[in-house]
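Let's take a walk through this fold, starting from one pair of strands and working outwards. Keep the viewer open as you read.

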Amino acid sequence: MGLFDGLRRDRNAEQTPAPSTPAAPAEKPADVESSAVSEDLAAMNAKVVEREVKKQEPAEIEPTPVKSYKDKKPVTHVVGTTKIIAIINQKGGVGKSTTAINLSAALGELGKQVLLVDLDPQGNSTSGLGIEKSELPGCIYNVLLEETNIEEIIIPDVCEGLDLAPATINLAGAEVELVSEMARENRLKEAVGSMRGRYDYVFIDCPPSLGLLTVNSLVAADKLIIPIQTEFYALEGVTKLLESMKRVKTRLNPMLDIFGILLTMYDGRTTLSRQVAAEVRNYFGRQVFETIIPRTVKLSEAPSYGIPITQYDPVGKGAIAYKELAKEVVQRG
Ligand SMILES: Nc1ncnc2c1ncn2[C@@H]1O[C@H](COP(=O)(O)OP(=O)(O)OP(=O)(O)O)[C@@H](O)[C@H]1O
Ligand SMILES: [Mg+2]
């Protein structure tokens, strides 16, 4: 008995005409013969189709459950160990969203539980993690202005260890609508504060402005990560940001402090990048992270695939840098 004997037996059985099939005449004209062959083939196909249909009958397709934060197994940490960090710089295009997505994902891969709150109406962190904004029933706007519980809008497990509180274009109205609200600076603090004890890190991806959304993030955060692009005018606006931080610190959030300054889009081949990096280190000293994020096209491509750099180009220099940054963040406590 060979390994394929069973298979051969099945083939022979298929080729044997069924008992009910009438015996073929000894000789047939070519066209009659070919039509008989195609009839036979059709019969065989019919048999196969019948068997396939039968196979599928007993298996009932389970409806895919809708992913909800409430289905997530509760992970509890000691309250107080949750670090709420705003990724902030009112200057546009300095790498806030890129850092929010990739640092969160890298920490998730290190086994940390992370929540990323997208506080920018552009929703770059939301789309960059592969979420179709137009299909969302709610977003952080509903939390800030309609008293929706943040748990209702959190999308769990967008990546390993990473949940997302998404933003849609609705959030664009929040800046104006918040103005006439009571306790308007505290809305995010109340919502995000209720998640303390459930995550190791909560990151807030801020919009490029110093409006009420940014003020909300300054009030809600324990610490700030300030990405600075290693280009001309790198420090432009940083003084104003630090002034806003001081004002919020004295009036609304006394514990607020800088967690780290992050140099981004660094191109070691250019003198300018090196000069700016040196100047920023000179100005901020040890507050600057050792890790520098290099300029690499892979980091700008990853969001269009809806995945973080650690999945898109796991061994490239962008992924390596964000993994290093994640380790440094953990070391800083
Ligand atoms: N290290 C990098 N190398 C190459 N491109 C990068 C890098 N970091 C960010 N980019 C690209 O630069 C652009 C701006 O980055 P990003 O969106 O992260 O900045 P941002 O500060 O969040 O911007 P905004 O202020 O508009 O929210 C994006 O197209 C992004 O893909
Ligand atoms: Mg952004």
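A good way in is strand β2 (residues 114–118), which runs parallel to strand β4 (residues 162–165), with four bridges joining them. If you want one spot to click on, take Val117: its bridge partner in β4 is Ala165. Bear in mind throughout that this is a predicted model.

Now zoom out to the whole sheet. It's an open one with seven strands, and the order across it goes β3-β4-β2-β5-β1-β6-β7. The pairing is mixed. At the edges sit β3 (155–159) and β7 (257–264), each pairing on one side only. From one strand to the next, the twist averages 25°.

What packs on this sheet? Helix α3 (residues 96–109) does, and the strands it touches are β1 (83–87), β2, β3, β4, β5 (201–205), β6 (223–229) and β7. Its direction makes about 165° with that of β5.

Next, have a look at β1. This strand is mostly covered, with four of its five residues buried. β1 runs parallel to β5, to which five bridges join it, and it also runs parallel to β6, this time with three bridges. Here are the parallel pairs side by side, each with one example of bridge partners:

| Strand pair | Bridges | Example partners |
|---|---|---|
| β2 and β4 | four bridges | Val117 and Ala165 |
| β1 and β5 | five bridges | Ile84 and Val202 |
| β1 and β6 | three bridges | Ala86 and Leu224 |

As a general point, strands of a sheet pair through backbone hydrogen bonds, either parallel or antiparallel.

Then there's the ligand. Which residues come nearest to ligand 1? Of the 18 residues around it, those are Lys96, Ser97, Thr98, Pro208 and Ser300. Helix α3 turns up again here: it gives the largest share of the shell around ligand 1, three residues. Both α3 and α12 (297–301) supply at least two residues of that shell. Sorted by class, the shell has 10 polar, five nonpolar and three charged residues.

Finally, the chain as a whole. It holds 14 helices along with the seven strands. Of its 333 residues, 36% count as buried. Looking at contacts with a separation of 6 or more, residues 24 or more positions apart account for 77% of them.

So, to recap the main thread: α3 packs on the sheet and also supplies the largest share of the shell around ligand 1.

Technical notes: Residues numbered from 1 in each chain as written. Chains lettered and ligands numbered in written order. Predicted model: local features only at pLDDT ≥ 70, side-chain atom pairs only at ≥ 80, totals over all residues. Pairing = 2+ DSSP bridges. Axes fitted to C-alpha atoms, helices over the stretch in contact; angles between N-to-C directions. Contact = placed C-beta atoms within 7 Å. Buried ≥ 20, exposed ≤ 12 C-beta atoms within 10 Å, placed from the backbone. Near = placed C-beta within 6 Å. Nonpolar A, V, L, I, M, F, W, Y, C, P; charged D, E, K, R; others polar.
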